[in-house]
Amino acid sequence: MTAQVRFRDLTLGYDRHPAVHHLDGAVPRGALMAVVGPNGAGKSTLFKGIVGALAPLAGKIDLCGLKTRDIAYLPQAADLDRAFPISVYDLVAMGLWRQTGLFGRIGARAGEQVHRALAAVGLTGFEQRPIGSLSGGQMQRVLFARLLLQDARLIVLDEPFTAIDSQTAADLLAVVRRWHAEERTVVAALHDLDLVKAHFPEVLLLAREPVAWGAAADVLTPDNLRKARHMCEAFDEAAAECAA
Amino acid sequence: MLYSTLIAPFTEFEFMRRALAGILALALGAGPVGVFLMLRRMSLMGDAMSHAILPGAAAGFLLAGLNLFALTAGGLIAGLAVAALAGLVARTTELKEDAALAAFFLVSLALGVTIVSLRGSNIDLLHFLFGSVLALDDRTLVLIAAISSLSLIVLALIWRPLVLECVDPGFLRSVSRAGAPAHMAFLALVVLNLVGAFHALGTLLAVGLMMLPAAVARFWARDVSAMIAIAIATGIASGIVGLLLSFHAGLPAGPAVILTAGALYVGSVVFGRVGGLARRLAPRRHLEA
């Protein structure tokens with residue numbers, strides 16, 4: 001197994017309080033991995049660490065040679081200004097940044113790629129719509145189309161299927177499975193355990209501390225899930241310094 | 001009749017031609033900058049920055065009198081310094097950028113008026129606050145034209161990161177490091193255009209040719225390029241109509257230009273195709289799908 005992302009005694013957090021505590025292990029190259037755990041378990045924090053938006057309090061994240069631009073990241077709540085007057089086509093085309101850079105022209109070939117990406121998420125015909133006119137599910141489809149064009153080796157999805165209907169979730173899951181077939185590494189935070197069991201071979205159960213990590217069937221046991229639920233969510237202002 | 005009303009003032013009087021040329025150049029540069037300020041929800045920041053250049057220009061006046069170079073350099077330095085300081089305070093303390101700017105520009109305005117009064121007369125003060133669009137000399141015109149040319153070139157260069165930084169700054173950070181430099185370059189353009197407009201319209205009205213056309217454009221277009229075209233057209237129309245009004249009715253020229261832009265704004269609020277009041281109050285029948 002070749003690793004794509006390796007965590008070495010990783011602690012991430014805010015103001016010295018750990019949100020992910022002493023995580024060790026590696027995500028294999030080409031893995032399709034779900035990160036599950038209660039709200040506040042550190043899933044989003046872990047992802048921010050992976051994409052470099054948050055520096056570790058201790059330990060290391062080794063991206064095994066990947067650069068920032070090789071990683072595509074879908075945050076839980078994208079800080080996207082939906083009121084900005086930009087068309088679906090233009091927003092999705094930004095996924096081609098690696099090809100076009102600051103000044104590159106978006107020519108006929110690139111235009112074809114944008115149309116194919118929109119078709120893949122079921123949004124053919126939406127090219128000229130302003131993003132402000134889209135529904136929540138359509139917006140999520142647009143963001144997936146942009147992820148498709150980013151052509152990234154590592155794709156990090158923070159709760160991609162939350163608050164969207166089952167049809168949209170199914171369509172977007174098909175895109176995720178396509179990435180897996182193309183041997184890209186996909187890491188996704190999810191809450192729907194049935195969906196995880198059905199489609200995600202590898203699972204990390206996180207509750208600030210890593211509770212279990214491995215094959216879905218071994219990780220998602222009643223015993224492990226109970227342990228994860230009992231995690232203490234609140235930061236302790238009077239906590240002593242961690243000795244480990 | 002039509003000729004003598006609309007054309008003759010410009011063909012017969014050089015100061016009218018100069019004023020027109022100055023306003024046309026300002027509209028070309030300030031229009032697009034204003035559209036981006038509005039889209040980034042920084043409209044009031046333009047206003048704050050226009051006040052912030054006053055003490056710099058006033059210090060230049062104190063040192064060298066009404067000298068184009070001294071006023072421009074002073075204004076630029078003060079404007080850029082306030083932009084940088086406000087950004088610094090916002091990033092290092094709990095104060096948000098708008099509050100930090102408000103603090104700096106109020107102090108700047110008071111300081112500027114004080115400095116001008118130290119040496120100059122009330123006429124000088126009026127020149128600083130409201131400009132003298134009917135007395136633009138060659139060098140000032142060249143300066144204003146240079147500023148708008150530079151603005152258009154720089155905007156073309158930073159267009160993509162600037163748009164993306166408005167829509168989805170998180171995504172821009174993940175693909176490129178161009179966000180921060182583009183933001184800085186844009187702020188520099190804001191200051192430059194305000195300093196250019198300051199010579200023609202004074203600190204209090206300089207921001208008018210920047211924000212009013214942008215606000216008008218928002219009511220007529222749904223995409224950025226069209227907004228910019230409309231903003232420039234609005235600025236130019238305000239310039240022509242405002243100067244003619246001032247000529248025939250004996251109004252002060254700078255305020256007449258801004259008032260014309262204001263009238264276009266009110267018209268757009270009422271009749272605008274995109275979210276105007278008339279459309280709200282008398283909506284057309286809904287469509288089938």
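In chain B of this predicted model, residues 24 or more positions apart account for 70% of the contacts with a separation of 6 or more. Buried residues make up 50% of the 289 residues in chain B. The secondary structure of chain B consists of 13 helices and zero strands, and the pattern along the sequence is accordingly written α-α-α-α-α-α-α-α-α-α-α-α-α. The radius of gyration of chain B is 20 Å, close to the 19 Å that the globule rule gives for 289 residues, so chain B is as compact as a globular protein of that length. Taken along the principal axes, the box filled by the C-alpha atoms of chain B is roughly 65 × 60 × 30 Å.

Chain A contains open sheets, two of which are set out below.

| Strand order (chain A) | Pairing | Average turn between neighbouring strands |
|---|---|---|
| β2-β1-β4 | antiparallel | 15° |
| β5-β6-β7-β3-β8-β9 | mixed | 15° |

In the sheet of three strands, the edges are formed by β2 (17-28) and β4 (58-62) of chain A; each has a single partner strand, so one side of each is left without a neighbour in the sheet. Strand β1 (residues 3-14) of chain A is joined to β4(A) by four bridges, and the two run antiparallel. R8(A) has K60(A), in β4(A), as its bridge partner.

The sheet of six strands has β5 (71-74) and β9 (209-215) of chain A at its edges; each of these has a single partner strand, so one side of each is left without a neighbour in the sheet. Four bridges connect β5(A) with strand β6 (residues 154-158) of chain A, and here the strands run parallel. Within β6(A), V156(A) is the residue opposite Y73(A).

Helix α1 (residues 43-51) of chain A is associated with strands of both arrangements. It lies across β1, β2 and β4 of chain A, running at about 120° to β1(A). Helix α1(A) also lies across β3 (32-36), β5, β6, β7 (185-189) and β8 (202-207) of chain A, where its direction is at about 150° to β6(A).

The contact between the chains takes 18 residues from chain A and 19 residues from chain B. On the side of chain A that touches chain B, 13 residues are nonpolar, two are polar and three are charged.

Notes:
Residues are numbered from 1 along each chain as its sequence is written. Chains are lettered from A and ligands numbered from 1 in the order in which they are written. This is a predicted model: local features need pLDDT of at least 70, side-chain atom pairs count only at pLDDT 80 or more; totals for chains, interfaces and linings use all residues. Two residues are in contact if their C-beta atoms, placed from the backbone, lie within 7 Å. Ala, Val, Leu, Ile, Met, Phe, Trp, Tyr, Cys and Pro count as nonpolar, Asp, Glu, Lys and Arg as charged, and the others, Gly among them, as polar. The radius of gyration is taken over C-alpha atoms; the globule rule is 2.2 Å times the number of residues to the power 0.38. A residue is buried if 20 or more other C-beta atoms lie within 10 Å of its own, exposed if 12 or fewer, and partly exposed in between; C-beta atoms are placed from the backbone. Two strands pair if DSSP finds at least two bridges between them. Axes are lines fitted to C-alpha atoms, for helices over the stretch in contact, and angles run from 0 to 180 degrees between N-to-C directions.
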